[in-house]
Number of protein chains: 2
Amino acid sequence: MSDTPSRTELSAIGEFGLIERLASRIELQLPSSMKGIGDDAAVIDPQGLHQVVTTDMLVEGVHFDLSYMPLKHLGYKAVVVNLSDVYAMNAEPRQVVVALAISNRFPVEAVDELYDGMLLACKHYGVDLVGGDTCSSTSGLVISITAIGAAKPGDIVYRDGAREHDLLVVSGDLGGAFMGLQVLEREKLVFKETGAQPDLEGHDYILERQLKPEARKDIIALLREMEVKPTSMIDISDGLASETIHLCRRSNTGVKLFDEKLPIDPATYQVARDFNLDPSVCALSGGEDYELLFTVAQADYDKIKGNPNLTVIGHMTHPSEGMHLVDKQGGVHPLTAQGWDAFLKKG
Amino acid sequence: MSDTPSRTELSAIGEFGLIERLASRIELQLPSSMKGIGDDAAVIDPQGLHQVVTTDMLVEGVHFDLSYMPLKHLGYKAVVVNLSDVYAMNAEPRQVVVALAISNRFPVEAVDELYDGMLLACKHYGVDLVGGDTCSSTSGLVISITAIGAAKPGDIVYRDGAREHDLLVVSGDLGGAFMGLQVLEREKLVFKETGAQPDLEGHDYILERQLKPEARKDIIALLREMEVKPTSMIDISDGLASETIHLCRRSNTGVKLFDEKLPIDPATYQVARDFNLDPSVCALSGGEDYELLFTVAQADYDKIKGNPNLTVIGHMTHPSEGMHLVDKQGGVHPLTAQGWDAFLKKG
């Protein structure tokens, strides 16, 4: 698990020791964090703002594989996936609470690494870790994080505000996290079969997309700066196709999505080809990109066009027109909601 | 797992199906719950109040045993243990979010039962279930709940406000949940060894304490009515001794706790005797009673004395005097923090 020379058993310090160890490392940064770890509950001053609340659970063997996921990265990612949901509401994340089930196969030093990653993410995004629960697990590691954010009521963006003719926009590029996972899985298999050390060279970008994703705090700031308020927004955890369908269903619209517009990084594209996968399918259904997918009124087009961080990939239509993907030859296909899981089964 | 004749596989409806199934059963009750299940995050209007946040995780095989814990009770208890932490801040719980990891050995009907219990607790305590996450688990069931409450800043009671001479008060009675667990464990063992049906007759009270505990919403209301604001407060999850030590450490006081004052229900007392256990030790270290332990200024004694729901069990002392238990013969013993786990190991 860890290369550190010392190994301290969890039982040697116990749950309360673990809590005190963690609490001693934390200094609350935000005026809204009134009370952190150490009482029955944390206390937050909303400062006149609405609060948004989201929770995500990561389960060993389902969401992560410790044979290639360093604990520090895992901690970082566990926080980021929650913050991404807060940004997707156009809100500012402020606090997280962390519940952890951990088996005694992990030493205290491993828990430290996990918290190193969580606290690094908190620092990077300006969030306070204000509370949690630590308990033992009979088998794997389970991390459950709840993130709380704040926003003016009028600033909050829901999934259901898209209207016919709105433009569908995505931040960054897609499919990288999925291709990073494919490389990691391949090298794990090679290692198992031949004992050969993983060959990850040249895959920095897609590996980072998988192992150390970032939430698009910068996009929220950019939109504010541009004075663009999306009409609807969601973050991409399951995959572009699945999230687009969510926006359409909640907003009661159809959509026309253009394959040729999908933003795919050259590194992602090349590896997809090497794996004999269609890069567009990876972008549509790969998931875990944690980009923001949103709609804007056509009137806002001039404000966003040409920005290298934003790509218009389609537009919303009347619900009677349905949800469609237009391929590079102009062929029209029904957009199907194959999320991450469904895609893996096919692979 | 369930006696219902039908069994629907989780895979048949999938995660989104499960979320929609749940969302369709929920109607938000509180004006502060602006947006529930169905977006990236729930939205809460704090209505000018501070927010308290607490999280608790329950892990199969660690915190519960489905061989004697019905899923509906488990759901109820999972919510209650979180609400208890909110009341322990002298706050009013308003919202919960639920993260669930569940293996495919559970059918959809089992998940329904679990939510039946959670929603029953929500209804009973006037709380809205506003969000969550559902994912698969490779083995057991894990339930992670975060509860959010509201309070005027000046009303919040922390663990660190106890002062020398303050009275130590506990609600209800102690040790019942622990003795209920002992009866369940004994009958499970008998069933395993002989196949005999569990003999739980006459143990209604202690079984309910273990299987369907309640959070002391009524005590918070009672204190308000009496115009008593505790100087410090905590809920009893690990055990009276352990929680008393928490109050002393955070408040920098000592304590004198009187064995003869411990409130123990006759049913608890009798079963402890039958098990050859010291009822006082069960009350001190049993845990899971979810009663409230708090301190009040001596000036408030007249307001609380004689109330059948409240028992003065000791008083806070100068920290130099240490933390002590006075036995029925007047002997003085250091108060030791044997929580639930430590106690079980000895048992």
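How many residues of domain 1 of chain A are in contact with domain 2 of chain A? Hold that thought, everyone, and let me set the scene.

This is a predicted model, where local features need pLDDT of at least 70, side-chain atom pairs count only at pLDDT 80 or more, and totals for chains, interfaces and linings use all residues. Residues are numbered from 1 along each chain as its sequence is written, while chains are lettered from A and ligands numbered from 1 in the order in which they are written.

Now, the domains. An automatic or database assignment splits chain A into domain 1 (10-155) and domain 2 (167-346). Their centres, taken over C-alpha atoms, are 26 Å apart. And here is the count: 15 residues of domain 1 of chain A touch 17 residues of domain 2 of chain A, with contact meaning C-beta atoms, placed from the backbone, within 7 Å. On the domain 1 side, helix α2 (residues 71-87) of chain A gives the most, with nine residues; helices here are DSSP runs of H or I, at least four residues, and strands are runs of E, at least two, numbered from the N terminus.

Next, my favourite strand. In β3 (residues 50-59) of chain A, ten of ten residues are buried, that is, 20 or more other C-beta atoms, placed from the backbone, lie within 10 Å of the residue's own. His50(A) and Val52(A) are among those pointing one way, and Gln51(A) and Val53(A) among those pointing the other.

What does β3(A) pair with? Ten bridges join β3(A) to β6 (residues 142-151) of chain A, antiparallel, and Met57(A) has Ser144(A) as its bridge partner there. Across in chain B, β2 (residues 42-44) runs antiparallel to β3(A), with three bridges, and Gln51(A) partners Ile44(B). Pairing takes at least two DSSP bridges. Thanks, all!

Methods
Buried ≥ 20, exposed ≤ 12 C-beta atoms within 10 Å, placed from the backbone. Contact = placed C-beta atoms within 7 Å.
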